[in-house]
Amino acid sequence: MAALRVLALLLLACCGPRAAGQKRKEMVLSEKVSQLMEWAGKRSVIRMNGDKFRRFVKAPPRNYSVIVMFTALQPHRQCVVCKQADEEYQILANSWRYSSAFTNRIFFAMVDFDEGSDVFQMLNMNSAPTFINFPAKGKPKRGDTYELQVRGFAAEQLARWVADRTDVNIRVIRPPNYAGPLMLGLLLAVIGGLVYLRGSNLDFLYNKTGWAFAALCFVLAMTSGQMWNHIRGPPYAHKNPHTGQVSYIHGSSQAQFVAETHIVLLFNGGVTLGMVLLHEAATSDMDVGKRKIMCIAGIGLVVFFFSWLLSVFRSKYHGYPYRYCFS
């Protein structure tokens with residue numbers, strides 16, 4: 001019996017500190033989750049400074065994932081992309097916070113450079129916006145950093161990435177947008193007004209030039225990448241946080257900026273206009289002098305804008321061997 005008592009005392013001595021440590025760990029975790037749930041109840045995206053980030057994101061224990069957007073939203077930073085990304089991030093966080101599936105498995109947070117510059121330094125981060133998933137167990141891996149330049153920052157794209165990294169599926173619910181129905185209603189009203197005012201003369205509906213111009217605008221918009229922008233939601237441009245230089249052309253063939261599509265649209269339009277002038281110079285009944293001027297102008301437009309198109313193509317497809325006028 002004495003031996004059994006000694007053995008029991010030894011077990012208590014060995015397991016006591018471990019049990020106390022485990023209990024203390026559970027209490028700390030419970031306090032952290034309760035605090036995060038309280039903050040999430042007030043605001044879907046929890047704003048964090050350096051102290052909060054180290055306590056709730058970096059320091060163990062943690063049984064929840066945290067999606068953190070590192071950004072620079074202050075006006076003097078002049079980060080237009082940060083504001084656009086923040087709007088989509090808020091939509092994603094609100095969709096999760098107010099869904100029936102909301103749990104404490106995942107939280108959405110934000111660290112602004114002016115409120116947590118020490119966090120940026122700690123993570124060796126030199127660009128914004130950046131999205132990182134801090135998993136419930138272990139450190140972030142390569143896939144836990146969102147590829148903003150490739151995927152864009154649309155809430156739907158972010159939701160797919162979150163589902164891939166955390167197995168939490170979020171159904172994105174956007175606020176009602178009445179711009180589309182209003183524009184459609186305005187268009188129908190204009191068409192109805194024209195039909196009413198010119199009911200006795202509907203020849204304008206058979207105007208080939210008008211229909212050709214409308215079709216050309218549609219084709220130029222589609223070939224410049226507007227549909228890609230609508231699906232992917234890329235940033236308008238990119239500003240280097242170190243040099244302040246703004247890039248309007250993406251350096252990869254796998255992505256693009258919104259400004260890039262506008263530039264390509266302009267260049268395609270210039271080439272098209274040049275071709276139209278050349279066609280008119282060859283087929284119109286104007287005097288020879290005017291036709292020569294149209295021909296020279298058309299050739300100049302085609303050469304100039306096609307050269308710029310080739311230069312854009314070379315900047316995205318590195319190693320492309322051909323150029324024309326501009327390198």
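# A guided look at this predicted model

Visitor: Does glutamate 88 count as buried or exposed?

Guide: The wording follows relative accessible area, taken with a 1.4 Å probe and protein chains only: buried means under 20%, exposed over 50%, and partly exposed in between. Because the relative accessibility of glutamate 88 is 15%, this residue counts as buried.

Visitor: What kind of model is this?

Guide: Residues are numbered from 1 along each chain as its sequence is written, and side-chain values use heavy atoms, with hydrogens and water left out. Local features need pLDDT of at least 70, side-chain atom pairs count only at pLDDT 80 or more, and totals for chains, interfaces and linings use all residues, for this is a predicted model.

Visitor: How many helices and strands are there in the protein?

Guide: Helices (H or I, at least four residues) and strands (E, at least two) are DSSP runs, and they are numbered from the N terminus. The protein, in which buried residues make up 33% of the 327 residues, has 11 helices and six strands.

Visitor: Which residues does glutamate 88 touch, leaving aside those up to four places away in sequence?

Guide: Glutamate 88 lies in helix H3, which covers residues 80-97, and its C-alpha is 8.7 Å from that of glutamate 156, although the two are 68 residues apart in sequence. A contact here means heavy atoms within 4.5 Å. Once residues up to four places away in sequence are set aside, glutamate 88 touches Phe153, Ala154, Ala155 and Arg174.

Visitor: What share of the contacts between residues at least 6 apart in sequence joins residues at least 24 apart?

Guide: The pair of glutamate 88 and Phe153 is one contact of helix H3 with another part of the chain. For the whole protein, among contacts between residues at least 6 apart in sequence, the share that joins residues at least 24 apart is 66%.

Visitor: At what distance does the side chain of serine 95 reach the backbone nitrogen of isoleucine 173?

Guide: Serine 95 also lies in helix H3, and with a relative accessible area of 4% it is buried. A polar contact is a pair of N or O atoms within 3.5 Å, where within protein one must be able to donate a hydrogen and the other to accept it, and residues adjacent in sequence count only if both atoms are side-chain atoms. A polar atom of the serine 95 side chain lies 2.7 Å from the backbone oxygen of isoleucine 91, while the side chain of serine 95 reaches the backbone nitrogen of isoleucine 173 at 2.9 Å.

Visitor: Which two cysteines form the disulfide?

Guide: A disulfide is taken as a pair of cysteine sulfur atoms within 2.5 Å, and the structure holds one. The link is right-handed, with 70° about the S-S bond, and both of its cysteines are buried. Its sulfur atoms are 2.1 Å apart, and they belong to cysteine 79 and cysteine 82.

Visitor: Where is proline 129, which follows a cis peptide bond?

Guide: Most residues other than glycine have a negative phi, and most peptide bonds are trans. The bond from proline 60 to proline 61 is cis, with omega near 0°, and the bond from alanine 128 to proline 129 is cis, again with omega near 0°. Proline 61 is in the loop between helix H2 (50-58) and strand E2 (65-71), whereas proline 129 is in the loop between helix H4 (117-122) and strand E4 (130-134).

Visitor: What is the phi of aspartate 167, a residue other than glycine?

Guide: Aspartate 167 is in the loop between helix H6 (155-166) and helix H7 (179-197), and with a relative accessible area of 60% it is exposed. Asparagine 124, in the loop between H4 and E4, has a positive phi of about 55° although it is not a glycine. For aspartate 167 the phi is also positive, near 65°.

Visitor: How far does helix H10 reach from its first C-alpha to its last?

Guide: The unreviewed UniProt entry places the annotation "transmembrane region" on residues 178-197, 209-228, 263-281 and 293-313; such annotations use the numbering given here, with shortened feature names, and may be inferred rather than shown by experiment. Residues 263-281 are 100% helix and 0% strand, and the buried residues of H10 include Val264, Phe267 and Gly270. The expected span of a helix is 1.5 Å times one less than its number of residues. Helix H10 (residues 258-283) has 26 residues and comes close to the expected 38 Å, with a reach of 38 Å.
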